[in-house]
Amino acid sequence: MDNGKGGRLKQASALWHGPGLATFALRRLVWSVATVAGVVAVTFLISHVIPADPAALVAGERATREQIEALRHQLGFDRPLLTQLADYYLRLAQGDLGKSLFTSRPISADLLSRLPATIELTLAAMILTVGLGVPIGVLSALRRNTWLDHLVRLVTVSGLAIASFWLAIILQLTFAMDLGWLPLGSRLPSGVAPPPTVTGLYLIDSLLTGDFATFGTAAAHLALPTVTLAFPAMATIVRFTRAGMLDTLNKPFVQYERAMGLPESLVVWKYMLRNALTSTVTQIGLVAGALLGGAVVIEAVFDWPGLGYYAVNSIIMSDYNAVLGFTVWVAIIYIVINIVVDVLHRLIDPRGTG
Amino acid sequence: MRSETALVLRKLAEDRLALVGLLIVLALLACAVFAPWLATFPEAVTEFNPAHRLRPPDSVYLLGTDRLGADIYSRLLFGARITIAIALVAVGVAVAVGVPLGLIAGIHDGVASNLIMRLADIFLAVPQIVLAIAIAQTLGPSLPNVILALSATFWPWFTRLVYAETRSVRNETFIEATVALGASPARVVCLHVLPNIVSPIIVRITLGLGFTILTAAALGFLGLGAPPPTPEWGRTIAESREYLPDAWWYAAAPGLAIFLVVVGFNMLGDGLRDVLDPRTRRAGRPRD
């Protein structure tokens, strides 16, 4: 993509209207569909080929041979594998992920009902990660090799080495069990009715309906899982922002802007940060993946009724269909986030070659 | 080559953090190897000892006892063996699969190369832990299955790294010269490409070991690792939850062990990166 040396306006207009971004986005979209199809094929084959006898597993230990055969036929496991896969694709295209092997409820509906809880948690963690991680990274770079920088480095090293489920337990132990400041888990206490559903995010819904008591309770429940989930991700963002800032610190354009007499705050927070952020934005895509993956474990510890909690319960019950459906959903969400990040990256740094 | 190794070691010795990391890693290895001798109750690791259950740390039980009355300190030492085994084998398999595939894809142009990289993309399209959970769950809870799940989800990272490195080396003049001299593709790859890209691979292996230990612990925590009464660290933390907040030591000790070991691998990896791979910075800025 070539934007020439035009002004910023021209650049922006070329970005939005030129063939570059559209072609780029379209190509990414086609590849994404292919990749999701690949993910389905891989997980489908793994979950249908490896278990010696999925039907027997579903039927339970005390089932007779006839019962297992009947179940195998009922579940369609007796058909050729490729037919099963083709059938799965066909139904996936219509948004149908099949039924849970245990509750017989449609998996898409199950996942959809749990999606808002996961969105609320990962979004809050993402906001905390970027909102705190970027400024800390900038400060750490500006005051490099001071006690602040060393402290930040210590914290980021810890963030990348701590097992998130253990951090969750330690936070529960300290703030919920010992000090009693925050609740142990779940989204709301069992007696409190959730706010009327508008977005499904309790914080936003309670604000929209003016129910500030519920807002406070929901926020208190959200605090520990969010901090736990954000901590390792924040370490990554701090490291990359710091490195990006250090790289731009002595660039000619920064010296030029200083020489022009621009206020230091403007130089740092506008011009340098914009340059430093290109590598941080790339990381945000990876961080989103880490948050989605981390949510699986953290939701289980905090009884947070989201996608991860559902997945862990499905694992415990050996519900192949549900685990497969969850994996497909996560792949789709992850790929969409990455496309958004790529487009963002191009907007911040139009020179990008993808 | 030997003087090069000496140089790397000398530079590494100047990096205090990397040295601390190396010491932690060596200590972990020592714990794993000498567990039966270092343990205060080597025979009681999996025994039921109801009279001594859930004892807080004291001079006899250095880190307290668990729900079965087993000494947690001794269990941690034997757990180090499992941790090391999982990390080494899983990363080893991922390297053995991922590196050759990356070399093949990097050196050739064509269908096979495309196929390999698209397959890697598919595996990278799902967060590692999610795919590892799906695979480990399908295979059933056992130690080899956890290792398989981790390798199956980790190899694409090496493939992608080696692919990118091979592509950048491939166009160098010395490779062109070797090809012009009539060297076979296998010879070019093994004797000329591989030695030039081994540094980033070593760095990725070191950091990958720490990362794999974290993921393995998470799988163990979710009940997908070796079945009890194996003294696996992640599973021990899961077991301890029933006895909180009273038996805080039960949860604290294995978590600290995981933390220390991963910090060790990360500091060593960061130090190695500075020494071996000067193009990238400590903070891991990706090459554009």
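## Buried residues and the build of chain B

A residue counts as buried if 20 or more other C-beta atoms lie within 10 Å of its own. Keep that cut-off in mind as you look at this predicted model. Of the 288 residues in chain B, 47% make it into the buried group.

What is chain B built from? It has eleven helices and zero strands, so if you read along the sequence you just get α-α-α-α-α-α-α-α-α-α-α. Its C-alpha atoms fill a box of roughly 75 × 45 × 30 Å along the principal axes. Now take the contacts in chain B with a separation of 6 or more: 70% of them come from residues 24 or more positions apart.

## Two helices packing in chain B

Let's zoom in on one pair of helices. Two packed helices are described by the angle between their axes and the distance between the axes. For helix α4 (residues 72–107) of chain B and helix α9 (residues 185–221) of chain B, the angle is about 145 degrees and the axes are 8 Å apart. The crossing of α4(B) and α9(B) is right-handed.

Which residues make the contact? On the α4(B) side you'll find, among them, B:T83, B:I86, B:A87, B:A90 and B:V91. The α9(B) side includes B:V189, B:V193, B:I201, B:I205 and B:G208. Sorted by class, the residues where α4(B) meets α9(B) come out as 16 nonpolar, three polar and no charged.

## Where the two chains meet

Now for both chains together. On one side of the meeting place are 44 residues of chain A, and they are in contact with 38 residues of chain B. Several helices of chain A give two or more residues each to this side: α2 (19–49), α8 (164–178), α10 (212–248), α12 (264–301), α13 (307–316) and α14 (320–348).

Which of them gives the most? That's α12(A), with eight residues. And what sort of residues does chain A put on the side that touches chain B? The split is 31 nonpolar, nine polar and four charged.

## A covered helix: α13 of chain A

One helix on that list, α13 (307–316) of chain A, is worth a second look. Is it mostly covered or mostly open? Mostly covered: eight of the ten residues of α13(A) are buried. These are A:L307, A:G308, A:Y309, A:Y310, A:A311, A:V312, A:S314 and A:I315.

What do they pack against? Within chain A, the partners of these buried residues are α6, α12 and α14, and they're joined by α6 (128–139) of chain B. Just after α13(A) comes A:S318, with a positive phi of about 55 degrees.

## Two more positive phi angles

A:N145 isn't a glycine, yet it has a positive phi of about 65 degrees. You'll find A:N145 in the loop between α6 and α7 (147–159) of chain A. Buried or exposed? The cut-off for exposed is 12 or fewer other C-beta atoms within 10 Å, and A:N145 has 9, so it is exposed.

A:D303 isn't a glycine either, and its phi is positive at about 50 degrees. It sits in the loop between α12 and α13 of chain A. A:D303 has 13 C-beta neighbours inside 10 Å, so it counts as partly exposed.

## The two domains of chain A

How is chain A divided? Domain 1 covers 2–51 + 97–353, while domain 2 covers 52–94. The centres of domain 1 and domain 2 of chain A, taken over C-alpha atoms, are 36 Å apart.

## How confident is the predictor?

Start with the overall scores: the model has an ipTM of 0.87 and a pTM of 0.85. Chain A has a mean pLDDT of 82, with 91% of its residues at 70 or more. For chain B, the mean pLDDT is 85 and 93% of residues reach 70 or more.

Which elements of chain A sit at the two ends of the pLDDT scale? Helix α1 (residues 8–17) of chain A has the lowest mean (48), and helix α6 (residues 107–142) of chain A has the highest (92). In chain B, helix α1 (residues 2–14) has the lowest mean (77) and α4(B) the highest (92).

Some stretches call for a careful look. Over residues 1–17 of chain A, pLDDT stays under 50, and the model has eleven contacts beyond four places in sequence for them. Over residues 281–288 of chain B, pLDDT also stays under 50, and here the model has 17 such contacts.

Technical notes: Residues numbered from 1 in each chain as written. Chains lettered and ligands numbered in written order. Predicted model: local features only at pLDDT ≥ 70, side-chain atom pairs only at ≥ 80, totals over all residues. Contact = placed C-beta atoms within 7 Å. Helix = DSSP H or I, 4+ residues; strand = E, 2+ residues; numbered from the N terminus. Nonpolar A, V, L, I, M, F, W, Y, C, P; charged D, E, K, R; others polar. pLDDT = per-residue confidence, 0-100. Axes fitted to C-alpha atoms, helices over the stretch in contact; angles between N-to-C directions. Left-handed = near helix turned anticlockwise from the far one by under 90°. Domains from an automatic or database assignment.
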